[in-house]
Amino acid sequence: MDAQPLLFTLQDASAGYEVTPQRVPLAVLRDFTQDVQELLQGDAGELDARALEVSVVAGSLGIRTPPIAAAGLWRDLHQLVRSQRLDGLEKRRRQVIERWQKQARGARRCIFGIDSPGAPAALAVSVSISAATDFHADDADQWVLVERYLQGEIVELGGSGKSRQTSVCPMARCCPSSRSGTCCVTTPPTVCTR
């Protein structure tokens, strides 16, 4: 793969003004440059970011790298172009993209961009992360709603400080504090399960 330069951009007006290379909050600049460094290095540390010289360019806030030929980085960037699912990305790069997506949807309403200016069409990368995008990992979508029920007979209700109920139930033997078939459940109920 031929080495190509990359351009990372940030459009942010959360400080009351549009950030530019001439005026940017120090915390925003620090966080953005740290995220760019993590994206470039990845898990394997493909690039030595300390030795990499970059330039800050106009267009909100932009960081342009010299030509880079890191195969893992380009593989991950092309995956971002093809799909908004983050499965298969290196862990550090995935965390940065998830963080940028969260910031883009949050109160800051910023837009992050990754481009490869001047690259041939077959190698071109153009990714925008904004409130309208949905970069996410598939494992984040695997939640299931579950209801559990406890059957038994309520033999006592009460409690002076906290609500408490004592029930006789067949599942009482799984409760560590059960004595003679009773199960103490506090409100909100904590259900003993096997």
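A residue is called buried when its relative accessible area is under 20%. By that criterion, 35% of the 194 residues in the chain of this predicted model are buried. The chain comprises 3 helices and 8 strands, arranged along the sequence as β-α-β-β-α-α-β-β-β-β-β. The points below cover the overall fold, helices H2 and H1, two buried residues and the internal cavity.

**Overall fold and surface**

- Among contacts with a separation of 6 or more, 57% join residues that lie 24 or more positions apart in the chain.
- The exposed area of the chain is about 11700 Å², and carbon and sulfur atoms provide 52% of that area.

**Helix H2**

- Helix H2 covers residues 71–82. Its 12 residues should span 16 Å at 1.5 Å a residue, and because the end C-alpha atoms are 17 Å apart, the modelled length agrees with that expectation.
- The buried residues of H2 are Gly72, Leu73, Trp74, Asp76, Leu77, His78, Gln79 and Leu80.
- These buried residues of H2 pack against two helices, H1 and H3, and against two strands, E4 (111–115) and E5 (126–129).

**Leu73 within H2**

- Leu73 belongs to helix H2. Its relative accessibility is 1%, so Leu73 counts as buried, the cut-off being under 20%.
- Leaving aside residues up to four places away in sequence, Leu73 touches Leu6, Leu39, Leu40, Glu46, Leu47, Ile68 and Arg93. Leu39 and Leu40 are themselves among the buried residues of H1.
- Leu89 lies 16 residues from Leu73 along the chain, and the C-alpha atoms of the two are 9.2 Å apart.

**Helix H1**

- The 16 residues of H1 should span 22 Å at 1.5 Å a residue; the end C-alpha atoms are 22 Å apart, so expectation and model agree.
- In H1, the buried residues are Val28, Phe32, Asp35, Val36, Glu38, Leu39, Leu40 and Gln41.
- In an α-helix, residues three or four places apart point the same way, because there are 3.6 residues a turn.
- The cover over the buried residues of H1 includes strands E1 (7–11), E3 (61–64) and E4, together with helices H2 and H3.
- Gly42 follows H1 and has a positive phi, near 65 degrees.

**Ser130 in a loop**

- Ser130 sits in the loop that runs between E5 and strand E6 (153–158).
- With a relative accessibility of 14%, Ser130 falls below the cut-off and therefore counts as buried.
- Apart from residues up to four places away in sequence, the contacts of Ser130 are Gln101, Ala104, Cys110 and Ile111.

**Internal cavity**

- Rolling a probe the size of a water molecule over the atoms reveals where empty space remains.
- The structure contains 1 cavity of 30 Å³ or more, and the largest cavity encloses about 40 Å³ of space.
- The lining of the largest cavity consists of Leu10, Val28, Asp31, Phe32, Asp35, Trp100, Gln103, Arg108 and Phe112.
- By class, this lining has 5 nonpolar, 1 polar and 3 charged residues.
- Helices H1 (26–41) and H3 (91–105) each contribute at least two residues to the lining of the largest cavity. The greatest contribution is that of H1, with 4 residues.
- Val28, Phe32 and Asp35 appear in the lining of the largest cavity and are also among the buried residues of H1.

Notes
Residues numbered from 1 in each chain as written. Predicted model: local features only at pLDDT ≥ 70, side-chain atom pairs only at ≥ 80, totals over all residues. Heavy atoms only, no water. Buried < 20%, exposed > 50% of the residue type's maximum accessible area, 1.4 Å probe, protein only. Contact = heavy atoms within 4.5 Å. Areas by Shrake-Rupley, 256 points an atom, 1.4 Å probe, with all protein chains shown as cover. 1 Å grid on protein atoms, 1.4 Å probe; cavity = no way out; pocket = protein on both sides within 12 Å on 5 of 7 lines; lining within 4 Å. Points joined across faces, edges and corners; volume = space filled by probe spheres on them. Nonpolar A, V, L, I, M, F, W, Y, C, P; charged D, E, K, R; others polar. Expected span 1.5 Å × (residues − 1).
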